[in-house]
Amino acid sequence: MDSISTLNRMIAESSSIVFFGGAGVSTESGIPDYRSVDGLYNQKFRYPPETMLSRSFFDSHPEEFFDFYRTKMLCLTAKPNAAHLKLAQLEQAGKLSAVVTQNIDGLHQQAGSKTVYELHGSVHRNRCMRCGASFTAEFMQQSDGVPRCECGGIVKPDVVLYEESLDGEVISGAVSAISRADMLIIGGTSLAVYPAAGFVNYYSGSRLVMINLEPTPYDHNADLVINGRIGEVMEQVEI
Ligand code: CNA
């Protein structure tokens, strides 16, 4: 049996699928990931991306942080691709219980997914650090320099920077969904960023599928490994 038929058989046998994904889910929507050859980590910046995306850098060099953030992290014209759309359809069909994502781009919700645990936050939520007022991603995109609220406070995106911790409620929702899943599809992630990558260990079932362009350190745990583009693979899923 070829791997797409095996994937379809596993999906047909499951009723509580969880999808765990990363930046590779959105590359087919035109958003670069971190670790691919043309990803952000292989481009040249004045500081390494890990530095520019850290909380201490945000606090000490806010202008450079927002310059990087606006040009490299905000991509508001991107549209959901076949992977996002198929996952939303699987949820609507009652087959998929949750999407757990490391992405901050909001494309799963744009595709129609309802239960989405955003481990690293979202570019679509932005708050004044002084008065707590909310701002849109479009406001962040259009602002110059350091975005400021009317009260004078800095507006910070609700994305989890290096040195910051993950939201407790999001963690418990994600872990609980993964623990109860009867199938776990992991896709488009290098599984290199912790603690997020460790959450897949809460899955204890026998339908663990890895869909990634290249091998990952977790492949040996998988019941099915598909090396390919996730949009192209998910497009072939039958509901
Ligand atoms: P990563 O470390 O960049 O890994 C991406 C993985 O996806 C790599 O193993 C690629 O081979 C693979 N990949 C790339 N394109 C495809 C494709 N079309 N089909 C299948 N596999 C593909 O990214 P991770 O998500 O693992 O790392 C976690 C970081 C990246 C999180 O903190 C994210 O917030 C962050 N990030 C998010 C976005 C976004 O929101 N779209 C973009 C860039 C980085």
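**Notebook: ligand site, helices α8 and α4, and Val99**

I began at the ligand, where a backbone N or O atom of Ala23 lies 2.8 Å from one of the ligand's oxygen atoms; I take a polar contact to be a pair of N or O atoms within 3.5 Å, where within protein one must be able to donate a hydrogen and the other to accept it, and residues adjacent in sequence count only if both atoms are side-chain atoms. The model is a predicted one, in which local features need pLDDT of at least 70 and side-chain atom pairs count only at pLDDT 80 or more, while totals for chains, interfaces and linings use all residues. Residues are numbered from 1 along each chain as its sequence is written, and side-chain values use heavy atoms, with hydrogens and water left out.

**Ligand site.** I also found a backbone N or O atom of Gln102 at 2.6 Å from a ligand oxygen, and a polar side-chain atom of Ser190 at 2.6 Å from an oxygen atom of the ligand. The protein covers 96% of the 860 Å² of accessible area that the ligand has on its own (Shrake-Rupley method, 1.4 Å probe). Around the ligand I listed 28 residues, of which Arg35, Gln102, Asp105, Thr189 and Ser190 come nearest (a residue is near if one of its heavy atoms lies within 4 Å).

**Helix α8.** I looked next at helix α8, residues 168-180, whose 13 residues reach 18 Å from first C-alpha to last, close to the 18 Å expected at 1.5 Å a residue (1.5 Å times one less than the number of residues). At its start, a side-chain oxygen of Asp167 comes to within 3.0 Å of the backbone nitrogen of Glu169. I noted Gly173, Ala174, Val175, Ala177 and Ile178 as the buried residues of α8 (under 20% relative accessible area, 1.4 Å probe, protein chains only). Their cover includes strands β1 (17-21), β2 (96-101), β3 (116-118) and β7 (183-187).

**Val99.** In strand β2 I picked out Val99, which counts as buried because its relative accessibility is 0%. Leaving aside neighbours within four places in sequence, Val99 is in contact with Phe19, Leu87, His108, Ser113, Thr115, Val116 and Tyr117 (heavy atoms within 4.5 Å). The C-alpha atoms of Val99 and Val116 are separated by 4.8 Å, although the two residues are 17 apart along the chain.

**Helix α4.** Lastly I checked helix α4, residues 62-73, where Phe65, Phe66, Phe68, Tyr69, Arg70 and Met73 are buried. I recorded that these buried residues pack against α2 (49-52), α3 (55-60), β4 (121-128), α7 (137-142) and β6 (155-159).

How values were computed:
Helices (H or I, at least four residues) and strands (E, at least two) are DSSP runs, numbered from the N terminus. Buried means under 20% relative accessible area, exposed over 50%, partly exposed in between (1.4 Å probe, protein chains only).
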